[in-house]
Amino acid sequence: MSREHFDVVIVGGGTAGGAAAHRLSEDTDRSVLVLEAGPDFPDEIANPPAFLTGGNALGHNFAGIGAPTPETDWDYWGEPLADGRRLHHRRGKMIGGSSMVNGTIAVRAAPRDFDRWREHGAPGWGWGDVKPYFERVETITPVRRVAPEHWSPVAQMFAESFREIGYSWVEDMNAPDAWDGIVGQWPSNRKNAVRQGTLVTYVRAARTRPNLEIRGHCLTDRVLIENGRAVGVRYVDAGDGVCDVGANVVLLAGGAYGSPSVLLRSGIGPADELPALGIEPLVTLPVGRNMMEHPQCFFYAQGRPELADMTLPGWPVAARAKGDGWWSFPLALDEDTGLCAYTFALAEDTGEGLLTLTSSDPAASPRIDHRMQDVIDSDRFDHAHATFRELAATGSVTSRGAVDPEAGRPLREILQERMGTAFHPAGGCQIGRVVDDDLLVHGVESLRVADASVFPVHILNNPSLTCMMLGERVADLIKGAK
Ligand SMILES: Cc1cc2nc3c(=O)[nH]c(=O)nc-3n(C[C@H](O)[C@H](O)[C@H](O)COP(=O)(O)OP(=O)(O)OC[C@H]3O[C@@H](n4cnc5c(N)ncnc54)[C@H](O)[C@@H]3O)c2cc1C
């Protein structure tokens, strides 16, 4: 029986995958199939799913950002910390992927991020190479700033306190020089109170094209490889049927946990790891190695109830450390008690995390170990915490009656209790190690990866626009190779 065939099959219709699907289906003679493990929302304009409007929840507490539902989150949990606590590694599972559950911070990576990419095995990914693609992303993704007069009380306090300790004001945190000791308006991608993830931008604009087919609830098991060439994928459909589909090009865009998992199930990875799972090793590559994250922790500022007013956007402002070690933003946590926080996320990552399969079953969660206990036990948060203590002592904070309710508490204890991640996993299929500069998997023809898994080193801030940039660029690479 002949199997279905498409020019391009995209595994994962998320942030990068949604952008790539849009661009690749612009040419009507190219047939494109998107296989997405989570649901699609083909009538989202007429019948918006509840989570869409979460984009206006920026003043709400942290759980308010698109709170996970079993249907739209992968429910991944990290390896236990020393006290047994596990971190919830949230990932969007639907068309739009994590861009439809995220905090809508829409920032470009820094030009020097791409200098570091070039130094780490990605020579074709300098700032000049990627900037036109960021600009393209912004033609379809609304990026907005909220003027200071509309800021919430905690945001006002946050900005004033950073300026008081010598941080410079910038109007636009996407300006190439908006780094290294600055505080300013934090751009976000929201419109009509809806987060502008790829479901409602790239995919909405493309879904009626006859050459684009989107299949939700289709979980890709593995890539079909014949004579060193990707010829299609095997997936499990909504009714648990196993299906094979052929493709000239297979593009993996399953995200930092999804794409390494598909490669490993396909026999592409560390040769010593796979046979124990009943997987025949085909190509030996460091898949699932060098995983990265941005550790994050909030430090409390206890004020009067009005400080935690959530009727206005809660994080329209952020600061970037002198020396780029972290970034920070304000949070209102409880309107009844006035509990607020300064959140700090570490920008640099040691790249020592690990993703391994627990089974060859595509429905099984991988083992995810971001080595977060090492971060807790290290001095990496010391500078952020010292800066927070300095901020807590400024007149901008004390004149509002706000205090650090944990002054004197050991930092390690605070980190052990509540350090988490910024939900920014990256790596596992890195450019230079697993894929080449054109995002082609080493040793396999016609197989590419484009999503956060290909970052050679982590970027210094929030990654969703960078993932869209990758989706834009991989589409051009595929078009050029035709
Ligand atoms: C709660 C939260 C808040 C965040 N806040 C921000 C923020 O404010 N700003 C920012 O820039 N970034 C933020 N991020 C991070 C950002 O959203 C992600 O880094 C980015 O969206 C990742 O894009 P991606 O293309 O790599 O993966 P994703 O967007 O996650 O897409 C991967 C897609 O592949 C699908 N998939 C995976 N495996 C398979 C398979 N085997 N078969 C079929 N489909 C599969 C997934 O379901 C998903 O749809 C946040 C993330 C989270 C979770």
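Here is a short exchange about two domains, two helices and a ligand shell in a predicted model.

The model is predicted, with local features needing pLDDT of at least 70 and side-chain atom pairs counting only at pLDDT 80 or more, while totals for chains, interfaces and linings use all residues. Residue numbers start from 1 along each chain as its sequence is written.

Me: What makes α3 a helix, and how do you know that its span agrees with the expected one?
Reply: Happy to explain! Helices are DSSP runs of H or I with at least four residues, strands are runs of E with at least two, and both are numbered from the N terminus. The expected span is 1.5 Å times one less than the number of residues. For the 14 residues of α3 (residues 127-140) that gives 20 Å, and the end C-alpha atoms are 20 Å apart, so the two agree.

Me: Which residues of α3 are called buried, and what makes them so?
Reply: A residue is buried if 20 or more other C-beta atoms, placed from the backbone, lie within 10 Å of its own, exposed if 12 or fewer do, and partly exposed in between. In α3, Val-130, Tyr-133 and Val-137 are buried. They cover an arc of only 55° around the axis, taken from the directions from the helix axis to the C-beta atoms, which puts them on the same side of α3. An α-helix has 3.6 residues a turn, so residues three or four places apart point the same way. On the face turned away from the buried side of α3 sit the exposed Gly-128, Glu-135 and Thr-139.

Me: What do the buried residues of α3 pack against?
Reply: Their partners are α2 (111-119) and α11 (464-481), where contact means C-beta atoms, placed from the backbone, within 7 Å.

Me: How do you know that α4 has the expected span?
Reply: The same rule of 1.5 Å a residue gives 16 Å for the 12 residues of α4 (residues 153-164), and its end C-alpha atoms are 16 Å apart, so this agrees. Just after α4, Gly-166 takes a positive phi of about 100°.

Me: What makes a residue part of the shell around the ligand, and which helix gives the most?
Reply: A residue counts as near if its C-beta atom, placed from the backbone, lies within 6 Å of the molecule. 42 residues surround the ligand, with Gly-12, Gly-14, Gly-97, Gly-103 and Gly-258 the closest. The most come from α6, with four residues.

Definitions and conventions:
Two residues are in contact if their C-beta atoms, placed from the backbone, lie within 7 Å.
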